[in-house]
Amino acid sequence: MDGIIRSTFPLSTLDLYNYALGSAREYVVIDSYLHPSPLHLMKLNTALVGLIAEGVIALNLQSMQSALQSVLKHSEAEPRKPNILFIITDDQDLQLDSISYTPLITKHIRDQGTFFRNHFVTTALCCPSRVSLWTGRQAHNTNVTDVHPPYGGYPKFVERGFNDDFLPLWLQGAGYDTYYTGKMFNAHTVDNYHSPHINGFNASDFLLDPYTYSYRNSTYQRNHEPPVSHEGEHTIDVITGKALGFLDDALAGERPFFLAVSPVAPHSNVDPGNITSENFYMSAPIPLERHEHLFQDVRIPRTANFNSDQVSAALL
């Protein structure tokens, strides 16, 4: 682009000198992501004075002053904090190679980022693991040890005081706008969602029990508004629309943002009518109609312990 130097400092005297001699336009220094040292600033100032002395009249004094002020401003400003898009998918299994069947996550996140092959969860149970994620404490320190009350679930999270001391609140304190949509906790229900509301988010749209795992009969609850049923809609289409809406809101803001998106897929389908006080029935996850043709010949890997006749001692 004529008249513009794109640079990550240090900007050498020779670069500036050669550019000025070859251009009849004034210049602007932009995209200075690294903080120049006082020495670099001194070199830049010296270069500008030298150009005037050598008769480079295409650069006027006001332009040079503006350029210097821009450099000084960048050198004093803190680096912009990164935006964070955090996607939580449920019931993935590395041994069963489930991530090979989520190709967009693989393409856009794993292949362009970091894959933790030797990663361990604190507790291989949903609600205790999620509370550890949000608080940075293991289950024996949170005392959230189950997915249902009295030992787990959203009521236990509140009882332990974590609704006033967990990650989204810390991020807000660090200058972030925070957003969330999807499943947050087990036992976060249409009856207790306001007792109290979950803290820490500029905007939220939570899935609520007993409709959390119902692929075609989900219920979401936005901010402090009443729950809304999405019966007849596929929950993945619903959460996609909500996530994109929050992303638009976040990008329109002036502060860095944290957006968490937590769909239920590929967790099993659980319809409200199949839940009792003592038990519940799970069925296979339900794909969107446009995805039904995919993976027709997929077969679960037959590992050594697949469908074993012997019950593990850990289950006894």
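**Reading a predicted fold, feature by feature**

Author: Let's start with Asp97, which counts as partly exposed because its relative accessibility is 34%. Keep in mind that we're looking at a predicted model.

Reader: OK, and where does Asp97 sit?

Author: Asp97 is in the loop between β3 (84–87) and α4 (103–110). Its phi is positive, about 65°, even though Asp97 is not a glycine.

Reader: Which way does the phi of Asn307 go, positive or negative?

Author: Positive: Asn307 has a phi of about 55°, and Asn307 is not a glycine either. You'll find Asn307 in the segment after β8 (257–262). With a relative accessible area of 66%, Asn307 is exposed, since the cut-off for that word is over 50%.

Reader: Let's move to strands. How do I read the side chains along one?

Author: The general idea is that in a regular strand, side chains alternate between the two faces of the sheet. Now take β5, residues 203–207. Ala203, Asp205 and Leu207 point one way, while Ser204 and Phe206 point the other way.

Reader: How many residues of β5 are buried?

Author: Five of its five, so "mostly covered" is the fair description, with buried meaning under 20% relative accessible area.

Reader: Which strands does β5 pair with, and in which sense, parallel or antiparallel?

Author: Strand β4 (residues 177–182) pairs with β5 in the parallel sense, over four bridges. There, Tyr179 has Ala203 of β5 as its bridge partner. Strand β6 (residues 217–222) runs antiparallel to β5, and three bridges join them. In β6, Arg222 stands opposite Asp205.

Reader: Now helices. Why is α5 called largely enclosed?

Author: Count the buried residues. Helix α5 (residues 126–135) has seven of its ten residues buried, so the rest of the structure largely encloses it. The buried ones are Cys127, Pro128, Arg130, Val131, Ser132, Trp134 and Thr135. Their cover includes β3, α6, α7, α8 (167–173), β4 and β8. Just after α5 comes Gly136, with a positive phi near 75°.

Reader: How many disulfides are there?

Author: To count one, you need two cysteine sulfur atoms within 2.5 Å. By that rule the count is zero. Cys126 is in no disulfide: its nearest cysteine sulfur belongs to Cys127, 6.3 Å away. Cys127 is in no disulfide either, with the sulfur of Cys126 as its nearest, at 6.3 Å. Cys127 counts as buried because its relative accessibility is 0%.

Reader: What about the backbone: which peptide bonds are cis?

Author: Look at omega. The bond joining Pro149 and Pro150 is cis, with omega about 10°. Pro150 lies in the loop between α6 (139–142) and α7 (153–159). The bond from Ser195 to Pro196 is also cis, with omega near -5°. Pro196 is in the loop between β4 and β5, and that's the β5 that pairs with β4.

Reader: Last one, the surface. Which residues make the nonpolar patch?

Author: Leu85, Ile87, Ile105 and Ile109 make a nonpolar surface patch of about 310 Å². Two elements, β3 and α4, give two or more residues to the patch. Leu85, for one, is in strand β3. And that takes us back to our opening residue: Asp97 is in the loop between β3 and α4.

Definitions and conventions
Residues are numbered from 1 along each chain as its sequence is written. This is a predicted model: local features need pLDDT of at least 70, side-chain atom pairs count only at pLDDT 80 or more; totals for chains, interfaces and linings use all residues. Side-chain values use heavy atoms; hydrogens and water are left out. Buried means under 20% relative accessible area, exposed over 50%, partly exposed in between (1.4 Å probe, protein chains only). Two strands pair if DSSP finds at least two bridges between them. Patches are made of residues with over 30% relative accessible area and no salt bridge: like charges are joined within 9 Å, nonpolar side chains (Val, Leu, Ile, Met, Phe, Trp, Tyr) within 5 Å. Accessible areas come from the Shrake-Rupley method with a 1.4 Å probe; for residues, only the protein chains shown count as cover. A salt bridge is a side-chain nitrogen of Lys or Arg within 4 Å of a carboxyl oxygen of Asp or Glu. Contact means heavy atoms within 4.5 Å.
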